[in-house]
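I'm opening a fresh page for this one. I'll jot things down as I look them up, starting with the overall fold and then going residue by residue.

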Amino acid sequence: MTLTEQEKQTIAIVDKQLDAYNNRDIDAFAATYHDDVEIHAFPGGLQYQGKDELIKRYGAKFASLVYLNATSLSRIVNGNFLVDKERACSASSNPENIDNDVVVIASYQIENGLIKRVTFMRD
């Protein structure tokens with residue numbers, strides 16, 4: 001399968017976001033998001049909006065954990081849309097003692113080279 005330039009850019013920004021997430025680097029993580037980012041949960045809808053709120057929530061999460069790792073298990077990309085099945089593991093006190101291990105579907109919409117909308121789906 002040949003990827004378009006747009007699809008390559010879509011993959012690149014989502015991968016950059018995952019790397020920053022795994023490094024618990026709030027500045028690099030926030031830099032991948034649009035100022036008016038929307039975070040949704042399916043089927044609940046909009047959870048919050050805006051980069052400031054994203055920084056507040058993820059900054060606290062990154063600060064409270066000693067280990068955080070998200071991995072794409074499978075991926076579909078179409079233009080400026082990317083859907084990942086992701087596994088995210090975290091530890092709050094000992095990196096070898098995982099406290100939380102979840103699998104989610106994350107749907108990303110890219111606008112002007114940044115993540116504009118994310119929808120999370122989980123059991």
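**Entry 1: the sheet**

I started with the strands: six of them form an open sheet in the order 2-1-6-5-4-3, with mixed pairing. Helices (H or I, at least four residues) and strands (E, at least two) are DSSP runs numbered from the N terminus, and two strands pair if DSSP finds at least two bridges between them. In general, strands of a sheet pair through backbone hydrogen bonds, either parallel or antiparallel.

Which strands sit at the edges? I found strand 2 (45-49) and strand 3 there, each pairing on one side only. On average, neighbouring strands are turned by 25° against each other, direction ignored.

A note to self before going further: this is a predicted model, in which local features need pLDDT of at least 70 and side-chain atom pairs count only at pLDDT 80 or more, while totals for chains, interfaces and linings use all residues. Residues are numbered from 1 along each chain as its sequence is written, and side-chain values use heavy atoms, with hydrogens and water left out.

I then looked at one pair of strands. Strand 5 and strand 6 run antiparallel and are joined by seven bridges. Isoleucine 105 stands opposite methionine 121 of strand 6.

**Entry 2: helices on the sheet**

Next I checked which strands the helices cross. Helix 1 lies across strands 1, 3, 4, 5 and 6, and runs at about 170° to strand 3. Helix 3 lies across strand 1, strand 2, strand 3 and strand 6, at about 70° to strand 1. For these angles, axes are lines fitted to C-alpha atoms (for helices over the stretch in contact), and the angles run from 0 to 180 degrees between N-to-C directions.

**Entry 3: the core**

I looked for buried nonpolar residues. The largest nonpolar core has 28 residues, and those with the most contacts inside it are Tyr21, Phe29, Tyr33, Ile39, Leu54, Tyr58 and Tyr108. Such a core is a set of buried Ala, Val, Leu, Ile, Met, Phe, Trp, Tyr and Cys residues joined through side-chain atoms within 4.5 Å. Buried means under 20% relative accessible area, exposed over 50%, and partly exposed in between (1.4 Å probe, protein chains only).

Which element gives the most to this core? It is helix 1, with six residues. Other elements giving two or more residues include helix 2 (26-30), helix 3 (51-64) and strand 5 (100-111).

I picked Tyr108 for a closer look. Leaving out residues up to four places away in sequence, Tyr108 touches Val14, Gln17, Asn80, Phe81, Leu82, Asp84, Glu86, Ile115, Arg117 and Val118. Contact here means heavy atoms within 4.5 Å.

Is threonine 10 buried or exposed? Threonine 10, in helix 1, is buried, with a relative accessible area of 1%. Apart from neighbours within four places in sequence, Thr10 is in contact with Val77, Gly79, Asn80, Phe81, Leu82 and Ile110.

**Entry 4: arginine 117**

Arg117 came up in the Tyr108 list, and I followed it. Arginine 117 is in strand 6 and is partly exposed, at 25% relative accessible area. Beyond four places in sequence, Arg117 touches Glu38, His40, Ser107, Tyr108 and Gln109.

I found polar contacts from the Arg117 side chain to the side chains of glutamate 38 (2.9 Å) and glutamine 109 (2.3 Å). A polar contact is a pair of N or O atoms within 3.5 Å; within protein, one must be able to donate a hydrogen and the other to accept it, and residues adjacent in sequence count only if both atoms are side-chain atoms.

**Entry 5: salt bridges**

How many salt bridges does the structure hold? The count is eight, where a salt bridge is a side-chain nitrogen of Lys or Arg within 4 Å of a carboxyl oxygen of Asp or Glu.

I noted aspartate 15 with arginine 75 (2.9 Å, N to O). Asp15 lies in helix 1 and Arg75 in strand 3, so the pair ties together parts that are 60 residues apart in sequence. Asp15 is partly exposed, at 29% relative accessible area, and Arg75 is partly exposed, also with 29%.

Aspartate 84 meets arginine 75 too (2.8 Å, N to O). Asp84 is buried, with a relative accessible area of 0%. Shared partners join Asp15, Arg75 and Asp84 into one salt-bridge network.

The last pair I wrote down is aspartate 35 with lysine 51 (3.5 Å, N to O). Asp35 lies in strand 1 and Lys51 in helix 3, so the pair ties together parts that are 16 residues apart in sequence. Asp35 is exposed, with a relative accessible area of 53%, whereas Lys51 counts as buried at 18%.
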